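Please open the model in your viewer and keep the selection tool at hand. The stops below are given in the order in which they may be selected.

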Amino acid sequence: MPSAFSSILRDHQIRVPTLTLVALAFTYASTMPYQSIIGINELGLSDRAYSGLIFLAALVNVATSLTLGIWSDRLSDRRPLVLALSVSGMLGFGMIYEFRTAGVFIFGMLVLIPISNSTYSILFASIRATTNTMDRGRAAAITSTVRALFSGSWALAPGLIGLYLINSQSMTPAYGIAGLASLTCFCLYLFFAKPAPVGNASPSQQIGFFSSLGRVFSPYVVVRVGVMALLLGLQRLNSVVSPLIITHAAGGTVVDVGFMAGLTAFLEMPFMLMWGALQRRFRSVHVLAVGALIYCLYLVLLSFASAPWQIYALVLINACGAAAILRVPITYLQDLIADRPGLGSSLVSVNTFIANGISASIFAAGTAFTGYSGTALFAAIVGLASVGLLLFERAPRPVRQPA
């Protein structure tokens with residue numbers, strides 16, 4: 001059986017979306033680290049206004065991903081949709097870079113950028129539509145490899161952009177770089193993606209929007225998305241609490257925070273490939289349970305850290321567990337609605353939105369009764385309970401409706 005990487009290189013229908021995802025990662029990695037600095041420090045938004053903006057943007061992102069995911073399953077060719085979403089990114093990021101006003105920033109964050117962010121799930125849907133014809137293990141390995149390449153861009157971009165902006169008076173050129181990344185996505189699909197053959201109709205064309213949406217809110221799907229969100233919430237919480245532990249309990253600096261974030265993202269790549277290989281032999285729920293237990297162990301050890309070297313000593317455990325939590329749920333969620341690649345892939349955005357809410361709730365509850373280290377320990381307890389729920393759940397099965 002060919003390796004996942006060679007399968008990506010040989011199959012045009014997988015290779016082009018994969019390259020586009022690598023370019024798309026630069027739109028996230030070049031803007032998210034500096035987004036709050038630009039919105040609050042440079043453009044004058046208050047902390048409260050910025051928090052409200054981020055919440056509303058997340059709602060728009062989920063609604064857009066679901067809507068476009070359902071619509072994409074009705075299309076015979078996703079190529080025009082990816083092109084349109086890339087144009088939205090070019091306009092959204094480009095306008096913020098060019099005009100640098102609070103009004104344009106708010107409009108871009110609430111309208112154009114959430115639309116552009118749907119490119120992520122649409123590209124994974126395109127890959128899933130192709131791998132649906134393969135055996136489960138090979139398809140999972142390909143998805144793992146694609147997600148690892150996406151993480152590679154994430155690990156590379158912030159450092160390069162940070163060096164570029166080190167002497168800049170403004171962080172807004174980061175949005176110009178994101179606009180160029182969206183242009184790259186557009187060009188990749190315009191010049192290299194082949195249009196679908198005429199008459200290659202989608203089997204979902206006759207199924208209504210609300211019928212499709214009903215499948216997202218079915219008990220079978222909602223319960224499993226909730227369990228996945230609990231696990232992803234641990235990783236989201238760590239991104240909040242670990243910098244605070246590094247700079248407080250461990251006595252580190254912001255340099256340690258940045259270095260740890262980049263090193264962890266880089267090390268996640270090989271671990272994602274490892275988890276993908278394990279999915280060839282074992283059920284996704286079992287693989288994810290092992291990864292989640294490793295991440296819980298990391299959170300427990302993090303709660304006792306009192307020096308920077310102890311944080312660095314945990315980086316391999318951190319990357320190993322995080323890779324499973326970030327990678328395995330993509331296949332798991334897609335399998336919940338396996339016959340609709342677009343709708344199944346849009347569950348990733350729903351999962352992320354719920355996970356962010358869970359992360360905020362754990363942080364609020366933990367810091368209300370204990371410190372940052374205690375919050376990490378509390379998160380590990382929640383994680384162990386999540387693993388128990390996961391093991392009681394049956395593996396996802398395709399939910400098919402009659403044509």
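In this predicted model, begin by selecting the buried residues of helix α6, which are Val104, Phe105, Gly108, Met109, Leu112, Ile113, Pro114 and Ser116. With these residues highlighted, bring up α3 (35-42), α4 (47-73), α5 (79-99), α7 (119-131) and α9 (173-191), since these are the helices against which the buried residues of α6 pack. Now follow the axis of α6, which covers residues 102-117, and stop at Gly108, where the helix bends by about 45 degrees.

Move next to helix α4, where Phe55 is placed. Select Phe55 together with Leu56 and Leu59, and you have a nonpolar patch on the surface whose accessible area comes to about 270 Å² for the three residues together. Phe55 itself has a relative accessibility of 48% and therefore counts as partly exposed, because that class lies between the limits of 20% and 50%.

The next stops are the salt bridges, of which the structure holds three. Select Arg78 and Asp73, whose closest N and O atoms are 2.9 Å apart in a salt bridge. Both partners count as buried, Arg78 at 14% relative accessibility and Asp73 at 3%.

Continue with Asp335 and Arg128, which form a salt bridge with a distance of 2.6 Å between the closest N and O atoms. Asp335 belongs to helix α15 (residues 315-336) and Arg128 to helix α7, so this pair ties together parts that are 207 residues apart in sequence. Here too the partners are buried, with relative accessibility of 16% for Asp335 and a relative accessible area of 10% for Arg128.

Then select Arg215 and Asp339, whose side chains meet in a salt bridge at 3.0 Å, N to O. Because Arg215 lies in helix α10 (residues 209-216) and Asp339 in the loop between α15 and α16 (341-369), the pair ties together parts that are 124 residues apart in sequence. Arg215 is buried, with a relative accessible area of 6%.

For the last stop, which loop holds Gly252? Look between α11 (219-247) and α12 (254-278), where this glycine is found. Gly252 counts as buried at 12% relative accessibility, and, leaving aside residues up to four places away in sequence, Gly252 touches Ile246, Thr247 and Pro308. If you also label Ala324, a C-alpha to C-alpha distance drawn from Gly252 should read 27 Å, for a pair 72 residues apart in sequence.

Conventions: Residues are numbered from 1 along each chain as its sequence is written. This is a predicted model: local features need pLDDT of at least 70, side-chain atom pairs count only at pLDDT 80 or more; totals for chains, interfaces and linings use all residues. Side-chain values use heavy atoms; hydrogens and water are left out. Helices (H or I, at least four residues) and strands (E, at least two) are DSSP runs, numbered from the N terminus. Buried means under 20% relative accessible area, exposed over 50%, partly exposed in between (1.4 Å probe, protein chains only). Contact means heavy atoms within 4.5 Å. The bend at a residue is the angle between axes fitted to the seven residues ending there and the seven starting there. Patches are made of residues with over 30% relative accessible area and no salt bridge: like charges are joined within 9 Å, nonpolar side chains (Val, Leu, Ile, Met, Phe, Trp, Tyr) within 5 Å. Accessible areas come from the Shrake-Rupley method with a 1.4 Å probe; for residues, only the protein chains shown count as cover. A salt bridge is a side-chain nitrogen of Lys or Arg within 4 Å of a carboxyl oxygen of Asp or Glu.
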